[in-house]
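I opened this notebook to keep track of what I looked up, entry by entry. I begin with a single residue and work outward from there.

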Protein chains: 2
Amino acid sequence: MPNAHVQTNSDQRIDRYPSRVATVSEVIERQDPVLYRHWSKGAPLSRSDCEYYQSNGFVFLEEFFESDEVAASQVETERLAQDITIVGRDETITEPGSRTVRSIFDIHDLSPVFSTFAKGARMADIARFLLDDDVYLHQSRLNYKPGFRGKEFYWHSDFETWHVEDGMPRMRAVSMSITLSENNEFNGPLILIPASHYSYLTCVGRTPEDHYKQSLKKQDYGIPDDDSLANLVSRGGLVAPKGGPGSLIIFDCNTMHGSNGNISPFPRRNAFFVYNALSNRLAPPYAGTKPRPDFIAHRDPSPFPSND
Amino acid sequence: MPNAHVQTNSDQRIDRYPSRVATVSEVIERQDPVLYRHWSKGAPLSRSDCEYYQSNGFVFLEEFFESDEVAASQVETERLAQDITIVGRDETITEPGSRTVRSIFDIHDLSPVFSTFAKGARMADIARFLLDDDVYLHQSRLNYKPGFRGKEFYWHSDFETWHVEDGMPRMRAVSMSITLSENNEFNGPLILIPASHYSYLTCVGRTPEDHYKQSLKKQDYGIPDDDSLANLVSRGGLVAPKGGPGSLIIFDCNTMHGSNGNISPFPRRNAFFVYNALSNRLAPPYAGTKPRPDFIAHRDPSPFPSND
């Protein structure tokens, strides 16, 4: 597909998704498939779920996990937030201006419970199917969004950051968000813009070194502009999947999403696992900055066997 | 009703609702009626709406206003936010850390459109009925909650502030919030705690002088504690009325309410009018501070004739 936006990077690499390089934002059409394999009988998603995912960039599977799996994850989520050896680590991000835990990264390395969960067949099989490749965990995290004072996550395409700051070459990764508490209209549920995965919104502003130290609390670069966001929403609308614990939201790496804050007393706990295709492993960051730490973006992956 | 909490103020007045005076918060049972008059035929609210209001502390009336009234108010709302003679005034509050208009106060004095609206029979008759008295406007405002970056309004009982900072003696006032844009699940709609109007949560922390200059952007005093809020919600739940422009939310002065921020592209515009009973006009502030300006709390009211 011809693409006027393909640029040659400072290190002579081709960059199909240049962002944070120009002074005005623009929209680049997606250069990659959404579904890398056609649906066939025996696929780990139904045909209609696949079609919904292809069109909308996400699919919501309510009550996907068994209640005992969910209960074990809930206990582990609360244990990690109380574990002083965890809370002091770089992997733990606090809310802006507070010591309340906002996110813990790399939970598949920190916790045997989440390692088993993430590498188990149910999610990994879906990822392998959608991406038609072996997969590995690019990133994992718990988002705590505490009651009363949980702050918003502003609109972003994960891929924009992973491409610019981590060097993920193509759109061949999928995110799985698991609800560990009820996600309701009051506690800042994930909001997705349907069909936004077809459009790559470039952002303005150069990426500073060590941007992640601030951006994981509150992002200042890689932020899409108002007009482009309004345009995406006018075409696709907004959807906030809501449901009890143990539901699964599968979304493409370029689907625009965010969430409002949470003044309700109900914490919104979600676990988040990103599966990347092995063929799409990280190159040097396209921003030319030094790579972010491994706990945010794994650079030396071990794929899971597909028949575990 | 015997009340262990009645205190004598520094100026020897009886204070039935002392707040911001102790180092721990407590819950004081409501000392006043909710409905000051029994329902009878010809009342400006249906019997079931009255009963709902009595039990829950609010009632939501969808599509209450005619579309031409709403359209005129919408035009006026946008005009005021663009009017540089308005935007520079004390009556105009900007979002924290930004120059975006958050609220404009005293709109019934600033704007003939809103004066007519507020003093018209439809809302005023309801207020007179609920409070069984002549009424006047204690406060009016437009809340703009802009798209993308509208900030939350944290939980509060309006009465707590009006009592402590303005000297409103008793719970005999009613608020009317009119939706001027769609209020939906994404743009930070008003959230109310049903039945919270029966409990007065005292707050800790002395009120500083000129507190309003900061509190109208982001409140730091008069904030209920987490446990008391969680307790109210565990009993009453949460309700966020949603609907198109021209709907009316009527709520008691002591009903606990708040709203989340707004990352959606949809602004949430609401007009807000507070009717106080003439017999409940303001005394000196119970905090002992100097009164807030007239544009926030009218001290020299002119009641409306009841048959205009």
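Entry one, a buried arginine. I looked up Arg20(A) in this predicted model and found that its relative accessibility is 3%, so Arg20(A) counts as buried, the limit being under 20%. Tracing the chain around it, I placed Arg20(A) in the loop that runs between strand S2 (14-15) and strand S3 (27-29) of chain A. I then checked the backbone and noted that Arg20(A) has a positive phi of about 60°, although it is not a glycine. I wrote this down because most residues other than glycine have a negative phi.

Entry two, an aspartate with a positive phi. I turned to Asp132(A), which is not a glycine either and has a positive phi of about 50°. Asp132(A) sits in the loop between helix H6 (121-131) and strand S7 (135-143) of chain A. Is Asp132(A) buried or exposed? I found neither word to fit, because Asp132(A) has 35% relative accessibility and therefore counts as partly exposed, a class that lies between the limits of 20% and 50%.

Entry three, the chain as a whole. I counted 9 helices and 14 strands in chain A, and I noted that its C-alpha trace spans about 50 × 50 × 40 Å along the principal axes. For the 308 residues of this chain, a compact globule would have a radius of gyration near 19 Å, and I found 18 Å for chain A, which agrees. When I looked at burial, 58% of the 308 residues of chain A counted as buried. I also looked at contacts in chain A with a separation of 6 or more, and residues 24 or more positions apart account for 83% of them.

Entry four, surface and charge. I noted an accessible surface of about 12400 Å² for chain A, of which 50% belongs to carbon and sulfur atoms. Chain A carries 32 positive and 41 negative charges, and I found that the mean positions of these two sets are 2 Å apart.

Entry five, the partner chain. How many residues of chain A are in contact with chain B? I found 27 residues of chain A in contact with 27 residues of chain B. Between them, the two chains bury about 2100 Å², with 63% of that area on carbon and sulfur atoms. On the chain A side, Phe148(A), Phe186(A) and Ile263(A) lose the most area to chain B, and together these residues make up 31% of what that side buries.

Terms used:
Residues are numbered from 1 along each chain as its sequence is written. Chains are lettered from A and ligands numbered from 1 in the order in which they are written. This is a predicted model: local features need pLDDT of at least 70, side-chain atom pairs count only at pLDDT 80 or more; totals for chains, interfaces and linings use all residues. Side-chain values use heavy atoms; hydrogens and water are left out. Helices (H or I, at least four residues) and strands (E, at least two) are DSSP runs, numbered from the N terminus. The radius of gyration is taken over C-alpha atoms; the globule rule is 2.2 Å times the number of residues to the power 0.38. Buried means under 20% relative accessible area, exposed over 50%, partly exposed in between (1.4 Å probe, protein chains only). Contact means heavy atoms within 4.5 Å. Accessible areas come from the Shrake-Rupley method with a 1.4 Å probe; for residues, only the protein chains shown count as cover. Lys and Arg count as positive and Asp and Glu as negative; His and the chain ends are not counted. The place of a charge is taken as NZ of Lys, CZ of Arg, CG of Asp or CD of Glu. Buried area is the accessible area (1.4 Å probe) that two parts lose on being put together, summed over both.
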